[in-house]
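Trainee: Could you take me through one part of this model closely, and then set that part in the context of the whole chain?

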Amino acid sequence: VGYAMVASVSMNLLAQKGIRSNPSSLGLLIFAAKVTFGPLNTCISLMKLEAFATEVRVYAFAAISTLAKIMCIMAPTIVELLKKDSSAEGWNSSNLSMYIYCLMIS
């Protein structure tokens, strides 16, 4: 529960424009998100392994893997559509916040 709270709070704060403008808080929040998502992913994988029968896990894993690959293929195009131009300054604040929230949901 602790990892999930730290990860969700750090990603939510990253979506705020005022927080993103401060380099030290930006670095700290990115570090917190990267450090917490690894153990959180491992715990969720172990819970799925113990909670479902093999037949259910196989079908669900295949469906999720297929959808994840499709989204990975589409991700660069979606990112470019959200930006105004090809520079790093091309991000509109609301589009960048929407992109970070989409990362939180995924």
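Mentor: The part to look at is a nonpolar patch on the surface, formed by Leu67, Ile70, Met71, Ile73, Met74 and Ile78, which together have about 570 Å² of accessible area. Please keep in mind throughout that this is a predicted model, and that the values I quote are computed from it.

Within the patch, consider isoleucine 73, a residue of helix 4. Isoleucine 73 counts as exposed because its relative accessible area is 67%, and the cut-off for that class is over 50%. Another patch member, methionine 74, marks a kink of about 40 degrees in helix 4, and this kink comes shortly before the proline at position 76, proline 76.

Helix 4 itself runs over residues 54–82, and its 29 residues should span 42 Å at 1.5 Å a residue; the C-alpha atoms at its ends are 40 Å apart, so the expected and modelled lengths agree.

Towards the end of this stretch, glutamate 80 forms a salt bridge with lysine 83, with 4.0 Å between the closest N and O atoms, and the structure holds one such salt bridge. The two partners fall into separate accessibility classes: glutamate 80 counts as partly exposed because its relative accessibility is 45%, whereas lysine 83 has a relative accessible area of 15% and is therefore buried, the limit for that class being under 20%.

Helix 3 makes a useful companion to this picture. Helix 3 covers residues 23–51, and its 29 residues should likewise span 42 Å at 1.5 Å a residue, which agrees with the 42 Å between its end C-alpha atoms. Here a kink of about 25 degrees lies at phenylalanine 37, again shortly before a proline, in this case proline 39. As for the side of helix 3 that is covered, its buried residues are Ser25, Leu29, Ala32, Ala33, Thr36 and Leu40.

Stepping back to the whole protein chain, its secondary structure consists of five helices and zero strands, giving the pattern α-α-α-α-α when read along the sequence. Of its 106 residues, 18% count as buried. The C-alpha trace spans about 50 × 30 × 15 Å along its principal axes, and the radius of gyration of the protein chain is 17 Å, where a compact globule of 106 residues would have one near 13 Å.

Key: Residues numbered from 1 in each chain as written. Predicted model: local features only at pLDDT ≥ 70, side-chain atom pairs only at ≥ 80, totals over all residues. Heavy atoms only, no water. Helix = DSSP H or I, 4+ residues; strand = E, 2+ residues; numbered from the N terminus. Expected span 1.5 Å × (residues − 1). Bend = angle between axes of the 7 residues up to and from the residue. Patch = residues over 30% accessible without salt bridge, like charges linked within 9 Å, V, L, I, M, F, W, Y side chains within 5 Å. Areas by Shrake-Rupley, 256 points an atom, 1.4 Å probe, with all protein chains shown as cover. Salt bridge = Lys/Arg side-chain N within 4 Å of Asp/Glu carboxyl O. Buried < 20%, exposed > 50% of the residue type's maximum accessible area, 1.4 Å probe, protein only. Rg over C-alpha atoms; globule rule 2.2 N^0.38 Å.
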